[in-house]
Amino acid sequence: METSNQLPSLIGNWFNSLGEASLLGLLLSVVGVGLLLFALKSRRAHQEDGPHIPTADEKIALLEKKIEQQNSAMSLLGERVTALEEYLEMIGIRQERQNTDKKDVRFYQQAIGLADQGLSAEELAQRCGISSSEADLITMLYQKAN
């Protein structure tokens, strides 16, 4: 009984630990597997019918149906590509914003001033929002200067 109650919790924790790109990849994989299973099922259905020789009209109807399905799939893929492009553009803008924030000289002058007051690298990273390696470098440079 406890195992069945823990399973949804474990699955929920696993999904929460995945990043956005991982979830998108997982979703696309599931859709791909679904399309593959659909194709296999339709192929088997055609093989089980027996040696029926289609007429020209049936062949034309089949080809028109395939073209319609391919157009639908292409439309779906186009929408996915557009969504991925928008997502990548959003990530690029976010990255540019982060880079411009850190390139400002005043940003690092504040961190150096706090290091000058004797803050540890850990406190410096927390207060200034910089990585721990940047904070370590600033504190090491300050300590060498004194």
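# A tour of a six-helix chain

Start by selecting Leu-23, which is partly exposed, with a relative accessible area of 34%; buried means under 20%, exposed over 50%, and partly exposed in between (1.4 Å probe, protein chains only). The model is predicted: local features need pLDDT of at least 70, side-chain atom pairs count only at pLDDT 80 or more, and totals for chains, interfaces and linings use all residues. Residues are numbered from 1 along each chain as its sequence is written, and side-chain values use heavy atoms, with hydrogens and water left out.

**Helix 2 and the patch**

Leu-23 belongs to helix 2, residues 20–48. Helices (H or I, at least four residues) and strands (E, at least two) are DSSP runs, numbered from the N terminus. Now add Leu-7, Ile-11, Trp-14 and Phe-15 to the selection: together with Leu-23 they form a nonpolar patch on the surface, with about 460 Å² of accessible area. Patches are made of residues with over 30% relative accessible area and no salt bridge, like charges being joined within 9 Å and nonpolar side chains (Val, Leu, Ile, Met, Phe, Trp, Tyr) within 5 Å. A salt bridge is a side-chain nitrogen of Lys or Arg within 4 Å of a carboxyl oxygen of Asp or Glu. Accessible areas come from the Shrake-Rupley method with a 1.4 Å probe; for residues, only the protein chains shown count as cover. Helix 1, residues 2–17, gives the most to this patch, with four residues.

Next select residues 20–40, where an unreviewed UniProt entry places the feature "transmembrane region". UniProt annotations may be inferred rather than shown by experiment. The span is 100% helix and 0% strand, and its end C-alpha atoms lie 30 Å apart.

**Helix 3**

Go to Leu-84 in helix 3, residues 56–103. Leu-84 is partly exposed, at 30% relative accessible area. Select Leu-24 as well: the two are 60 residues apart in sequence, and 9.2 Å separates them in space, C-alpha to C-alpha.

**Helix 5**

Select residues 121–128, which make up helix 5; its buried residues are Ala-121, Leu-124, Ala-125 and Cys-128. They lie on the same side of helix 5 because they cover an arc of only 100° around the axis, the arc being that of the directions from the helix axis to the C-beta atoms. On the other side of helix 5, look for the exposed residues Glu-122, Gln-126 and Arg-127. Gly-129 follows helix 5, with a positive phi near 70°.

**Helix 6**

Move on to Glu-134, in helix 6. Its side chain reaches the backbone nitrogen of Ser-131 at 3.1 Å. Tyr-108 is 26 residues from Glu-134 in sequence and 9.8 Å from it in space, C-alpha to C-alpha.

Then select Thr-139, also in helix 6, which covers residues 132–145. Thr-139 counts as buried, at 11% relative accessibility. The side chain of Thr-139 reaches the backbone oxygen of Asp-136 at 2.9 Å.

**The whole chain**

Finally, show everything. The chain has six helices and zero strands, in the pattern α-α-α-α-α-α along the sequence. Of its 146 residues, 9% are buried.

Terms used. Polar contact = N/O pair within 3.5 Å; in protein donor to acceptor, adjacent residues only side chain to side chain.
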